[in-house]
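Reader: Please set out the local geometry and side-chain contacts of the following model in a series of questions and answers.

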Amino acid sequence: MQPTAAQIQFDPFSRESWLDPYPTYRLLRQECPVYEGTSASQSFFALSRYADLLEYGRDWQTFSYRGGVDIDGSGQQIAAGNFLEVNPPEHGPLRKVVHQIFTPKAIRARLEDHLEESVSGIVADLRASRGGDLAAQLAWPVSIGTAGALLGFPPEDHAYLRDLSLAFMRRDLGSDQVPAAAVDASQAFREYFGSLIDARRSDPTADVLGHLATARLDEAQLPHEQAVGIAVLLYIGALDTTACLITNAFVHLASHQDQRAWLARNPGATPSAVEEVLRFDSPQLQFKRTT
């Protein structure tokens, strides 16, 4: 028997929501598309239907970005350049700073050879050892190495940044608060990025950090704190979404052997397969707006 709207219980911070939220999402869409609930320390409304999310997610005058876009407020640990949490008209100029260097053509020119070399080396090692942990040995190293190469971090710092990233993203199931270790990691990120931005202002480089260090905003140099915030946002945002996309793809191809076999016979469909994994099991399952 299908639960009624009054019987549905949804807490986005619960263990059940982290392990498999989709049965609850289905119930929400069918029975309670505007759900009023509570977590450990806050009340909220949850919208679950695509049309509603599309409409209200874009209505920034009513549903503001300023209260943060992450449901636990973790984005507010990033410095002032986090343009995801800024409404128009301030949002546009900050986003434009990033758009200048993140066109598909520019990213391909900067990263395609690096990615091919990196992935080929990892796959060769996995083949030689007859398998391994595809998350730990492929998805995360590729994401960290690529983000580091794009922004311009010294390779010897990648392990340190990986550990900071994992500390920043780790959460306590059942809690809607950002753990103290994640707050400490965000501070370490700001200090590390800040030192690199300072160095590139005196000695510009051709990487993303060099671009942010010398970027202009409203005819003046991009303020230091905003340059740091944009850099942290780009790095953190590139890691978990990319690594989770890769691991989700492997999980679902392993679970759907017919689709895996079809894709092996039709490798030209890989770009569409990536889009389908993003649609079917998104790395980003919730976002927040504040009325």
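Author: Buried means under 20% relative accessible area, exposed over 50%, and partly exposed in between, with a 1.4 Å probe and protein chains only. This is a predicted model, in which local features need pLDDT of at least 70, side-chain atom pairs count only at pLDDT 80 or more, and totals for chains, interfaces and linings use all residues. Residues are numbered from 1 along each chain as its sequence is written, and side-chain values use heavy atoms, with hydrogens and water left out.

Reader: Are Phe-10 and Tyr-35 buried or exposed?

Author: The two residues belong to different parts of the chain: Phe-10 lies in the segment before helix H1 (15-19) and Tyr-35 in strand E1 (residues 34-38). Helices (H or I, at least four residues) and strands (E, at least two) are DSSP runs, numbered from the N terminus. By the cut-offs for accessible area, both Phe-10 and Tyr-35 are buried.

Reader: How many aromatic pairs are there, and which geometry does the pair of Phe-10 and Tyr-35 have?

Author: Rings of Phe, Tyr and Trp (its six-membered ring) pair if their centres lie within 6.5 Å; planes under 30 degrees apart count as stacked, over 60 as edge-to-face and the rest as tilted. The count by this rule is 14 aromatic pairs. For Phe-10 and Tyr-35 the centres are 6.1 Å apart and the planes stand at 70 degrees, so this pair is edge-to-face.

Reader: Where do Tyr-22 and Tyr-25 lie, and which of the classes buried, partly exposed and exposed applies to Tyr-25?

Author: Tyr-22 and Tyr-25 form an edge-to-face aromatic pair, at 5.8 Å centre to centre with 90 degrees between the planes. Both lie in helix H2 (residues 22-31), 3 residues apart, about one turn of the helix. Tyr-22 has a relative accessible area of 25% and is therefore partly exposed. Tyr-25, with a relative accessible area of 13%, is buried.

Reader: Which ring does Arg-171 lie over, and at what distance from the ring centre?

Author: A charge sits over a ring if NZ of Lys or CZ of Arg is within 6 Å of the ring centre and within 35 degrees of the ring normal. Arg-171 lies over the face of Phe-168, and the distance from the ring centre is 5.9 Å.

Reader: What is the omega of the peptide bond between Pro-88 and Pro-89?

Author: Most residues other than glycine have a negative phi, and most peptide bonds are trans. Pro-89 is placed in the loop between helix H3 (50-58) and helix H4 (91-99). The bond that joins Pro-88 and Pro-89 is cis, with omega about 5 degrees.

Reader: Where does Arg-130 lie, and what is its phi?

Author: Arg-130 is found in the loop between helix H5 (104-128) and helix H6 (134-151). Its relative accessible area is 80%, so Arg-130 is exposed. Arg-130 is a residue other than glycine with a positive phi, near 60 degrees.

Reader: What is the phi of Asp-218, and why does Asp-218 count as exposed?

Author: Asp-218 lies in the loop between strand E3 (216-217) and strand E4 (220-221). Phi of Asp-218 is positive, near 55 degrees. Asp-218 counts as exposed because its relative accessible area is 63%.

Reader: How many disulfides does a search of the whole structure find?

Author: A disulfide is a pair of cysteine sulfur atoms within 2.5 Å. Cys-32 is buried at 12% relative accessibility, and Cys-244 is partly exposed at 28%. The number of disulfides found in the whole structure is 0.
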